[in-house]
Amino acid sequence: QRLREAGYFLEPYVLPVTKPGDALCFGFNCASANPPFNDYILHTFDAEGRLLGQHAYQKNGAEAVFTDDLPQIAGDPRVALVSVTPDFERIGVRRKELKLQFDLLVRHRSTGDWDMTEGQSSWRNVGVAVPGSAHFAGPMGAVVGRTNLVARARSGKGFGTAIVAVHASGCLSYKQDAKLKVTVLAANGSSREADVAVPSFTSKLIWLDELWPDLNQFLGADGLGPLLATSQEADINCHIVTTSKDGAVSLQHMWGY
């Protein structure tokens, strides 16, 4: 309660909110949490990262919920980002007593194909370390944010790759302009780089073929290559979406810290 009143919230998982005409929609589920719970707090933000509102939300059942299904979002076209966190005060357990398995999902709006992976908490970039609140990047991970992530780029043969980049925090007053350096490498060791601005409490769906229209030729016959996402200014969560020309979709979090 004291953390909340001071402007902090624990275990924030942040989802992009796409427009109805976009191909992809994101969602979440915590059906594997132990103990199970239904109460959440949602914070909504606009495309510039401004806080729009805070909402109590009760999720019923074990099915996944997509942003299209959330009335706090679907009824407000300004919303571009939503933070989902357990409502610990309503649940009645402390953070260390909850085993939270947050599943991040993506669904193709036209075909209905979907996939899910492990969601990544945005409890970093807060500028403080809370005793007893662990961070996988070490005691200073919540104080100084950095990004150093790796995945695979795929292009050509009807496939496309996008980085889902989310720059958020467990502190509502957090403000930071950050850029994500995206690097792709070919089999011969040559590389391409691009910088993408991702200010605090915003997200970017970065399609690699839009960054480099000749990416397929650059990667060669296999259309595959290592993909790096780095930032010296903030800890930016990144997931990889791969789509096919037939409307299939896959989702995986990038690896690193």
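A residue is called buried when its relative accessible area is under 20%. In this predicted model, Phe201 has a relative accessibility of 1% and therefore counts as buried. Phe45 meets the criterion as well, because its relative accessible area is 2%.

The rings of two residues whose burial has just been described also form a pair. The ring centres of Phe45 and Phe201 lie 4.4 Å apart and their planes meet at 10°, so this pair is stacked. Phe45 belongs to strand β3, whereas Phe201 is found in the loop between β12 (191-197) and β13 (202-207); the pair therefore ties together parts that are 156 residues apart in sequence.

The count of aromatic pairs comes to seven. One of them joins Phe37 and Tyr40 in a tilted arrangement, with 5.0 Å from centre to centre and 50° between the planes. Phe37 is buried, because its relative accessible area is 9%, and Tyr40 is likewise buried, at 3% relative accessibility. Ring pairs link these two residues with Tyr13, Phe28, Tyr57 and Phe102 into a cluster.

Aromatic rings also meet charged side chains. The charged end of Arg107 sits over the ring of Phe66, at 4.0 Å from its centre. Arg192 lies over the face of Phe218, and here the distance to the ring centre is 4.5 Å.

Finally, attention may turn to a proline. Pro35 is located in the loop between β2 (24-29) and β3 (39-45). With a relative accessible area of 30%, Pro35 is partly exposed. Leaving aside residues up to four places away in sequence, Pro35 touches Val93, Glu97 and Leu98. The C-alpha atom of Pro35 is separated by 26 Å from that of Cys171, which lies 136 residues away along the chain.

Methods. Residues are numbered from 1 along each chain as its sequence is written. This is a predicted model: local features need pLDDT of at least 70, side-chain atom pairs count only at pLDDT 80 or more; totals for chains, interfaces and linings use all residues. Side-chain values use heavy atoms; hydrogens and water are left out. Helices (H or I, at least four residues) and strands (E, at least two) are DSSP runs, numbered from the N terminus. Buried means under 20% relative accessible area, exposed over 50%, partly exposed in between (1.4 Å probe, protein chains only). Contact means heavy atoms within 4.5 Å. Rings of Phe, Tyr and Trp (its six-membered ring) pair if their centres lie within 6.5 Å; planes under 30 degrees apart count as stacked, over 60 as edge-to-face and the rest as tilted. A charge sits over a ring if NZ of Lys or CZ of Arg is within 6 Å of the ring centre and within 35 degrees of the ring normal.
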